[in-house]
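The exercises below ask the reader to work through one charged residue and its surroundings, step by step. Please keep the sequence and the structure in view while reading.

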Amino acid sequence: DGSTPAMTFGKRGGNILRKGERRRSPRAPADVRAAIVLASGRSVPCRLRDLSTTGARLSVETVFGLPDEFELRFGRHVRRVEIIRRGVRSIAVRFR
């Protein structure tokens, strides 16, 4: 049928790859205003670009100065997150 066969991948094993997807929970596209809340209480605006049950991808003006962990607020949700990947103007976070 032309589909890519599933296979296990990763350090922990058991992850299933389908067409390059390595996440445990596939992310759904989103375009939601959000805020990064720093320990000082300062709020940094960002956009939530995709979302899953385990994490999200955010676009930010700059990744410079962002701590490894912070509070993320979007809609009525408040989640503690950890940065797992940094790009030039985006970050991937895991919910804690």
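**Exercise 1.** Locate Arg27 in the chain and decide whether Arg27 is buried or exposed.

Solution. Arg27 sits in the loop between β2 (15-16) and β3 (28-37), where strands are DSSP runs of type E with at least two residues, numbered from the N terminus. The model is predicted, so that local features need pLDDT of at least 70 and side-chain atom pairs pLDDT 80 or more, while totals for chains, interfaces and linings use all residues. Residues are numbered from 1 along each chain as its sequence is written, and side-chain values use heavy atoms, without hydrogens and water. With a relative accessible area of 17%, Arg27 is buried (buried is under 20%, exposed over 50%, partly exposed in between, with a 1.4 Å probe and protein chains only).

**Exercise 2.** Find which residues are linked with Arg27 in a network of salt bridges.

Solution. A salt bridge requires a side-chain nitrogen of Lys or Arg within 4 Å of a carboxyl oxygen of Asp or Glu. The side chains of Arg27 and Asp50 satisfy this at 3.7 Å, N to O. This pair joins distant parts of the chain, since Asp50 belongs to strand β4 (residues 43-51) and lies 23 residues from Arg27. Asp50 also forms a salt bridge with Arg57, with the closest N and O atoms 3.1 Å apart. Arg27, Asp50 and Arg57 are therefore linked in one network. Asp50 is buried at 10% relative accessible area, whereas Arg57, at 31%, counts as partly exposed.

Methods:
Helices (H or I, at least four residues) and strands (E, at least two) are DSSP runs, numbered from the N terminus.
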